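Student: I should like to learn how the terms used for a protein model are justified. May we go through some of them together?

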Amino acid sequence: MMASIGEFDPLNTRVPATKIEVTVSCRNLLDVDTFSKSDPVVVLYLQAAGTKEWREFGRTEVIDNTLNPDFVRKFVLDFFFEEKQNLRFDVYNVDSRSCNISKHVSFLGQTFCTLGEIIGSTGGRLERTLSGIPGKKCGVIIFSAEELSNCRDIATMQLCANKLDKKDFFGKSDPFLVFYRSNEDGTFTICHKTEVIKNTLNPVWQPFTIPVRALCNGDYDRTVKVDVYDWDRDGSHDFIGEFTTSYRELSRGQNQFNVYEVLNPKKKGKKKKYINSGTVTLLSFKVESEYTFVDFIRGGTQLNFTVAIDFTASNGNPSQPTSLHYMSPYQMNAYAMALKAVGEIIQDYDSDKLFPAYGFGAKLPPDGKVSHAFPLSGDSDNPNCVGIEGVLEAYFQSLRTVQLYGPTNFAPVITQVANCAAEITDGSQYFVLLMITDGVISDMVQTKEAVVNASSLPMSIIIVGVGPAEFDAMEELDGDEVRVSSRGRLAERDIVQFVPFRDYIDRSGNQVLSMARLAKDVLAEIPEQLLSFMKSRGIEPRPALSTSPLPELHRHI
């Protein structure tokens, strides 16, 4: 028990994801019943990361006698921007109300998509054609996504205590509080720790702020457990006692019900006259809403994805199997894997699916001039490639036409993308630059300057290091520990995320798993970075884009 409170790191505890409610409708389903129309139901299957296996997540209700159902029962899914969350929707016609779908149903069609595609589609509404029955038109399925409102609430509260047990031999106690939310399985997860107040039995703690979903995962009546400890320098904090509450109780604010007896079960069992180990009182409580990443995406903010690939000679001759750019017919090289892993997730939030792609550090035909920002498409007027597959094709084509050279200069590409970002700072676009490199950076001074300049723009930079090189210099650009600075100017925001790909490679050779791990880590910071830009500029999300309404039909519910 004690170890867990010592290891609590408020920055790295995973807050439960934001919850997305997916509503399903179908139009023009196949009619398979002889005497009436079909009785449809939709079953949702999820795919675990890095596996091919599908598991049933849930199903809608069955609606009798309609080919155009609007289902009432919704699917509530946890949303992680940094994961590719594959979904499969199967539509069946039900002949009986048995739970066993295989016995009493006929298949009406299916479709596949990702949760990101639904959220990233205009106004959070996605329409897909159903397929799966050869030679038949199966109709369409329509999804709309909405973020559950309690995901954006931030609670601020202040507590004090009275007459806590004295635990220290020479002084009074040094109390602090530890908050836990309860999980579905009855276990507890730590979610907040107050500061320590020295040498008092009547502490008043500073107000603190916590996302409501971290406190109760959206269930207002779920138990919140609070432990009271006496701090000790050696980490063996003494347990004073505990009490339980819930978000709903706390949200009533200061009143006689928000005074809690601190109880120590051991003492209670031993001492007949034991009453309590003190009391804790809620002094104030307020809740505010914050805008979320999903709010901006639903309001029409587009993610613009740009790729830059390292074509320096240190990668090795592309025709040799030892080269990091080797094009094997059997498996993707590390560059292609990193590009596909990150690109396949970001593309869901970019409606035109046109991705500028550049190379740096190569000699270009016909005159062998070295370039640090040449379009892989070969067309300097139009660096766009169509889809992630288009970027991969342009990358492989460039390997056949340019000469790998050097040095490894990052600044030109960063400046190029920053110039685009500087033109659109109204919140309608956010730029993500993925740079994939095998080596040590040659223009660190200029790159730092470019990063500091870009940090005030709607832009994030992801750097993936491939191969065995030492990437220590890159850590300097990733401002997690120390904010990047150039000529005495600090970066306004931390916009660079660097990772070495080798840390994510699955030992058993499962490329899908390696790619999922990489994407999860490099993309995890993007939503926060986007929000920090919007906040710094006072930009609010536009209202969710209105979508064309569903065709007006007689509703069967």
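Tutor: Certainly. The place of Y247 is in helix α4, which covers residues 247-250. Please keep in mind that this is a predicted model.

Student: Why is Y247 called buried?

Tutor: A residue counts as buried when its relative accessible area is under 20%. Y247 has a relative accessibility of 5%, and therefore counts as buried.

Student: Which residues does Y247 touch, leaving aside those up to four places away in sequence?

Tutor: Y247 touches A155, V212, L215, C216, Y220, R222, V224, F285 and V287. A contact requires heavy atoms within 4.5 Å.

Student: How far is Y247 from F57, in sequence and in space?

Tutor: The two are 190 residues apart in sequence, and their C-alpha atoms are 28 Å apart in space.

Student: What makes helix α10 largely enclosed by the rest of the structure?

Tutor: Helix α10 spans residues 444-454, and 8 of its 11 residues are buried, so the helix is largely enclosed by the rest of the structure. The buried residues are M444, T447, K448, E449, A450, V451, V452 and A454.

Student: Against which elements do the buried residues of α10 pack?

Tutor: They pack against the helices α9 (411-423) and α11, and against the strands β25, β26 (485-486), β27 (489-490) and β28 (496-500).

Student: Where does E470 lie?

Tutor: E470 lies in the loop that runs between β25 (459-465) and α11 (472-477).

Student: How do you know whether E470 is buried or exposed?

Tutor: The cut-off for exposed is over 50% relative accessible area. E470 has 55% relative accessibility, so E470 counts as exposed.

Student: Which residues form a negative surface patch with E470?

Tutor: The patch consists of E470, D472, E475, D480 and E481. Asp and Glu count as negative, so the word "negative" applies to these residues.

Student: How many charges does the whole protein have, and how far apart are their mean positions?

Tutor: There are 58 positive and 71 negative charges, and their mean positions are 6 Å apart.

Student: What share of the residues of the protein counts as buried?

Tutor: Of its 557 residues, 52% count as buried. The accessible surface comes to about 26,500 Å², and 51% of it belongs to carbon and sulfur atoms.

Student: How many helices and strands does the protein have?

Tutor: The protein has 13 helices and 28 strands. Its C-alpha atoms fill a box of roughly 90 × 80 × 45 Å along the principal axes.

Note on methods. Residues numbered from 1 in each chain as written. Predicted model: local features only at pLDDT ≥ 70, side-chain atom pairs only at ≥ 80, totals over all residues. Heavy atoms only, no water. Helix = DSSP H or I, 4+ residues; strand = E, 2+ residues; numbered from the N terminus. Buried < 20%, exposed > 50% of the residue type's maximum accessible area, 1.4 Å probe, protein only. Areas by Shrake-Rupley, 256 points an atom, 1.4 Å probe, with all protein chains shown as cover. Charge placed at Lys NZ, Arg CZ, Asp CG, Glu CD. Patch = residues over 30% accessible without salt bridge, like charges linked within 9 Å, V, L, I, M, F, W, Y side chains within 5 Å. Salt bridge = Lys/Arg side-chain N within 4 Å of Asp/Glu carboxyl O.
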